[in-house]
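This report walks through a few parts of one fold, beginning with a pair of charged side chains and ending with a helix and the sheet beside it. Please keep the sequence and the structure at hand while reading.

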Amino acid sequence: MLILIVTSKLEKQTMRFQQILDKKTGQLLFRFSEDDDIESVNPIKYFGDFFIVNKMVLGGIPLDEIKGEKTPSESSMEIYNKSIDLWVKKKDEILKTQIPVNLLKLLETNKKNDQVQLLKGIEITPMILLAFIFEAHGKHGFNYSQYKSEFSPNGIDATKMPYASLIKEDGDVEIYGNTELTKGQIKQVIQHRKVTVGKIIEKGDIWHCFFATYKSLNGDEIWLGKNQPHFHYLSNVFGLTREKLQKELKSKTYNFGNVPHIKLLNYGKQPE
């Protein structure tokens with residue numbers, strides 16, 4: 001797998017692209033994400049805007065046009081309109097995704113034991129989780145927040161990372177831009193950085209959080225006796241304040257105790 005991480009500024013957002021080569025099909029894939037925390041937004045609008053900008057950037061629209069500093073060209077407008085059409089189709093696909101009944105029942109109870117029981121044996125995919133977030137907002141009024149923390153291995157200053165870096169299939173590192181770091185240090189940062197992501201739906205004092213580290217998402221943590229990608233779950237009835245939740249998600253080593261695990265399919269390295 002080839003991984004290319006590129007960081008650039010668009011307005012006030014940081015965008016990150018991962019270029020992934022599927023060895024089986026030979027298809028070159030891109031994964032697009034951003035690093036800023038998200039506070040209580042309409043998730044359908046947020047992910048829609050994000051999806052459209054993603055397609056615009058990958059479609060080749062110059063950043064000065066996306067930022068409004070330059071009048072878009074005719075070809076850029078075509079890419080923009082196509083990006084909107086693609087989002088309409090993707091949103092329809094998300095909204096039609098079947099959500100496990102027990103997952104929806106989480107929104108109906110404020111008892112910890114009930115929530116733990118409801119989650120036993122549940123399997124989700126990234127699409128199911130997104131559909132659940134959309135439905136929680138559209139039908140129940142829950143907004144969406146997200147917190148992400150990233151820590152580099154000890155002894156390495158992440159601010160000295162180059163504009164982009166590529167770990168090639170032979171293990172060599174290709175560097176884009178200037179950096180004081182060696183190839184070995186850059187490879188260590190990419191492979192051993194600790195990243196935690198918490199996805200939260202919330203309405204007033206009620207909240208539900210699905211969180212994971214990159215290791216648990218990729219299947220690099222042992223669960224159920226094997227390397228199974230998974231999320232962790234907790235809510236406002238787990239004896240944790242919303243402020244404490246945010247603080248722990250942003251810390252280098254969170255401490256939530258024993259919380260439910262949720263099997264994640266169609267992502268990461270699935271066990272054979």
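Asp-37 has a relative accessibility of 32% and therefore counts as partly exposed, since this class lies between the buried limit of under 20% and the exposed limit of over 50%. In this predicted model, the side chain of Asp-37 meets that of Lys-250 in a salt bridge, with 3.1 Å from N to O. Because Lys-250 sits in the loop between H9 and S14, while Asp-37 belongs to the loop between strand S3 (28–34) and S4, the pair ties together parts that are 213 residues apart in sequence. Lys-250, at 33% relative accessibility, is likewise classed as partly exposed.

The structure holds 10 salt bridges, and three of them, including the one just described, are set out below.

| Salt bridge | N to O | Separation in sequence |
|---|---|---|
| Lys-250 and Asp-37 | 3.1 Å | 213 residues |
| Asp-172 and Lys-183 | 3.4 Å | 11 residues |
| Lys-269 and Asp-220 | 2.5 Å | 49 residues |

In the second pair, Asp-172 lies in the loop between strand S7 (164–167) and strand S8 (173–176), and Lys-183 in helix H7 (residues 183–192); Asp-172 is partly exposed at 30% relative accessible area, and Lys-183 is partly exposed at 42%. In the third pair, Lys-269 lies in the segment after S14, whereas Asp-220, in the loop between helix H8 (214–218) and strand S11 (222–223), is partly exposed with a relative accessible area of 38%.

The sheet is open and made of 7 strands, in the order S4-S6-S9-S10-S13-S14-S5, with mixed pairing. Its edges are strand S4 (38–41) and strand S5 (123–124), each of which pairs on one side only. S4 pairs with strand S6 (residues 143–151) in the antiparallel sense over 2 bridges, and Tyr-144 in S6 is the bridge partner of Val-41.

Two helices lie across strands of this sheet: H6 runs at about 30° to S9, and helix H9 (residues 242–249) runs at about 160° to S9. The 15 residues of H6 (residues 126–140) reach 20 Å from the first C-alpha to the last, close to the expected 21 Å. Among the buried residues of H6 are Ile-128, Leu-129, Phe-132 and His-137, and just after this helix Gly-141 takes a positive phi of about 80°.

Within the sheet, Ser-235 of strand S13 (residues 230–235) is buried because its relative accessible area is 0%, under the 20% limit. Leaving aside residues up to four places away in sequence, Ser-235 touches Gln-115, Trp-207 and His-208.

Terms used. Residues numbered from 1 in each chain as written. Predicted model: local features only at pLDDT ≥ 70, side-chain atom pairs only at ≥ 80, totals over all residues. Heavy atoms only, no water. Helix = DSSP H or I, 4+ residues; strand = E, 2+ residues; numbered from the N terminus. Expected span 1.5 Å × (residues − 1). Buried < 20%, exposed > 50% of the residue type's maximum accessible area, 1.4 Å probe, protein only. Contact = heavy atoms within 4.5 Å. Pairing = 2+ DSSP bridges. Axes fitted to C-alpha atoms, helices over the stretch in contact; angles between N-to-C directions. Salt bridge = Lys/Arg side-chain N within 4 Å of Asp/Glu carboxyl O.
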